[in-house]
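Colleague: Please take a close look at one part of this model for me. I would like to hear about the nonpolar and aromatic side chains, and how they are arranged.

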Amino acid sequence: MALDILIIDDEDDIRDLIAGILEDEGYETRQAHDADSGLNEIARRRPSLVFLDIWMQGSRLDGLQLLDVFQTHHPDMPVVMISGHGNVETAVSAIRRGAYDYIEKPFKIDRLLLITQRAMESARLKTEVADLRERSTNKIVDMAGTSPALQQVKAIIEKSAPTNSRIFISGASGTGKGLCARLIHQKSPRAEAPFVEINCSLYSPDEVQVVLFGRETREKTGTLRIEVGALERAHGGTLYLSEVATLPIPAQAVLLRTLVENKFNRVGGAVAVPIDVRIISSSSQNVAQLIEEGRFRSDLFHRLSIVPLHVSPLKERREDVPPLVEVFIEQICRMHNLRSLSVGEDAVAVLQAQDWPGNARQLRNSIERLLILVKDQAPPDGIITAALLPSDIGEVLPTVGDTDASAHLMSLPLREAREVFERQYLLAQIERFGGNISKTAEFVGMERSALHRKIKSLGL
């Protein structure tokens with residue numbers, strides 16, 4: 001999608017000239033002739049960048065007054081002032097009031113394009129910094145759940161976070177390894193320093209070393225051009241290497257040397273860069289098998305896993321589903337500005353009975369889809385029942401006949417139908433409570449010994 005640039009100037013020729021130059025470079029442009037038409041365009045869709053004339057004849061607001069409006073309502077929207085001959089001092093004053101830069105008439109095409117590129121890059125970097133700050137502040141929620149497995153994870157995080165020990169997090173995809181890493185950083189003495197996350201599986205073998213260590217190149221003019229890598233950006237803070245087991249062997253060797261020496265060379269660089277970085281890494285693969293196959297270095301693994309941390313799949317801690325659902329509903333309703341809803345006990349039981357192969361990530365996606373689907377026909381009491389669940393979530397009970405998919409409960413005599421229902425019901429409840437007979441008996445309202453007899457009589 002082309003980046004959207006708004007040009008506000010009272011002269012048609014100037015607007016057309018700027019628009020033509022930018023459109024030739026692939027940008028999308030819009031035009032406005034005064035303050036009110038400019039504000040209308042911004043109300044229709046906020047642009048990525050604004051070129052704004054300082055003096056506009058017949059306009060309710062001049063450029064500086066309109067800039068003040070932008071700074072109040074859109075402070076992160078970059079604005080470049082268009083300065084006529086003799087009012088450069090005014091343009092400089094505009095920069096002090098929040099404008100990104102200015103350009104003089106008559107325009108030099110190279111300067112116009114350079115300012116445009118720099119303004120766009122500045123806005124992008126501000127967005128990335130804000131995102132990193134958001135994810136690294138106290139707004140990060142704790143891990144939701146009460147299962148013994150999750151309590152063990154929380155205990156390890158509490159004990160290890162205040163140290164500088166490297167932590168290796170194992171677990172299936174979607175279990176919350178990234179959240180663990182952020183919580184460790186948040187609870188550490190490095191919490192105010194950068195938290196940099198790199199998913200090693202997203203980069204080719206040629207790219208990943210540059211992403212991690214940066215690069216130095218010498219341009220034809222002799223100028224040294226430096227690209228800063230993730231390790232350098234994380235200096236003083238934490239670097240989280242997600243899916244570290246996918247690193248190619250050459251990158252593993254360089255990373256190992258960096259861990260030993262606490263310094264590294266950028267790709268193509270001759271001078272070592274000293275760093276102070278805590279490394280947290282994770283993998284959803286069987287690292288022991290990768291080591292045995294020679295695809296991951298055992299010496300690197302031992303240096304990364306001073307403190308091992310394993311996050312169990314959601315199907316092994318089904319009691320964590322209800323609190324997770326509550327957290328996800330609160331997050332999703334706030335994100336999409338939806339009416340706050342809750343999930344009824346019957347729907348929660350269905351959700352607990354699912355295996356969730358994609359773990360917490362799949363559960364969150366399903367909750368988000370559910371809330372969006374019911375937003376226009378939300379129940380008056382605000383409670384989502386099992387009947388409102390999508391069919392792919394609701395169909396958790398076994399069919400009447402494992403070999404005859406066409407069999408229907410209504411086609412059976414009462415005694416047989418009751419037996420089928422009891423078998424299905426108890427199977428689902430036992431699965432829901434992870435095989436815990438005591439919890440199942442308490443929920444279904446039976447004595448533990450009576451439930452054992454019923455299970456035996458049904459052949460479960």
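**Aromatic and nonpolar side chains**

Modeller: Start with Phe443, which is partly exposed at 41% relative accessibility. Keep in mind that this is a predicted model. Phe443 joins Phe421 and Tyr425 in a nonpolar surface patch of about 290 Å². Phe421 sits in helix 17, residues 414-432. Phe421 is also partly exposed, because its relative accessible area is 45% and that class runs between 20% and 50%.

Now the rings. The structure holds five aromatic pairs. One of them is formed by Phe168 and Phe301, with ring centres 5.1 Å apart. Their planes stand at 80 degrees, so this pair is edge-to-face; the cut-off for that class is over 60 degrees. Phe168 belongs to strand 6, residues 167-170, and Phe301 to helix 12. The pair therefore ties together parts that are 133 residues apart in sequence. Phe168 is buried, with a relative accessible area of 5%. Phe301 has 19%. That still counts as buried, because the limit is under 20%.

Phe443 comes back in a ring pair with Phe433. Here the centres are 5.7 Å apart and the planes meet at 50 degrees, so the pair is tilted. Phe433 lies in the loop between helix 17 and helix 18, and Phe443 in helix 18 itself, residues 437-444. The two are ten residues apart. So Phe443 takes part in the surface patch and in this tilted pair.

Next, the interior. The largest nonpolar core has 32 residues. Those with the most contacts inside it are Ile198, Leu231, Leu239, Leu241, Leu247, Ile279 and Phe296. Several elements give two or more residues to this core. Among them are strand 7 (195-199) and strand 10 (238-242). Helix 8 (205-213), helix 9 (230-233) and helix 11 (287-292) are also on that list. So is helix 12 (298-304), the helix that holds Phe301. Helix 10 (249-261) is there too, and the largest share, five residues, comes from helix 10.

Take Leu247 as a close-up. Neighbours within four places in sequence are left aside here. Leu247 is then in contact with Cys200, Val208, Leu212, Gln252 and Leu255. Apart from the largest core lies another one, of 25 residues. Its members include Ala144, Ala347, Ile367 and Leu371.

Technical notes
Residues numbered from 1 in each chain as written. Predicted model: local features only at pLDDT ≥ 70, side-chain atom pairs only at ≥ 80, totals over all residues. Heavy atoms only, no water. Core = buried A, V, L, I, M, F, W, Y, C linked by side-chain atoms within 4.5 Å. Buried < 20%, exposed > 50% of the residue type's maximum accessible area, 1.4 Å probe, protein only. Helix = DSSP H or I, 4+ residues; strand = E, 2+ residues; numbered from the N terminus. Contact = heavy atoms within 4.5 Å. Patch = residues over 30% accessible without salt bridge, like charges linked within 9 Å, V, L, I, M, F, W, Y side chains within 5 Å. Areas by Shrake-Rupley, 256 points an atom, 1.4 Å probe, with all protein chains shown as cover. Salt bridge = Lys/Arg side-chain N within 4 Å of Asp/Glu carboxyl O. Phe/Tyr/Trp six-rings, centres within 6.5 Å; stacked < 30°, edge-to-face > 60°.
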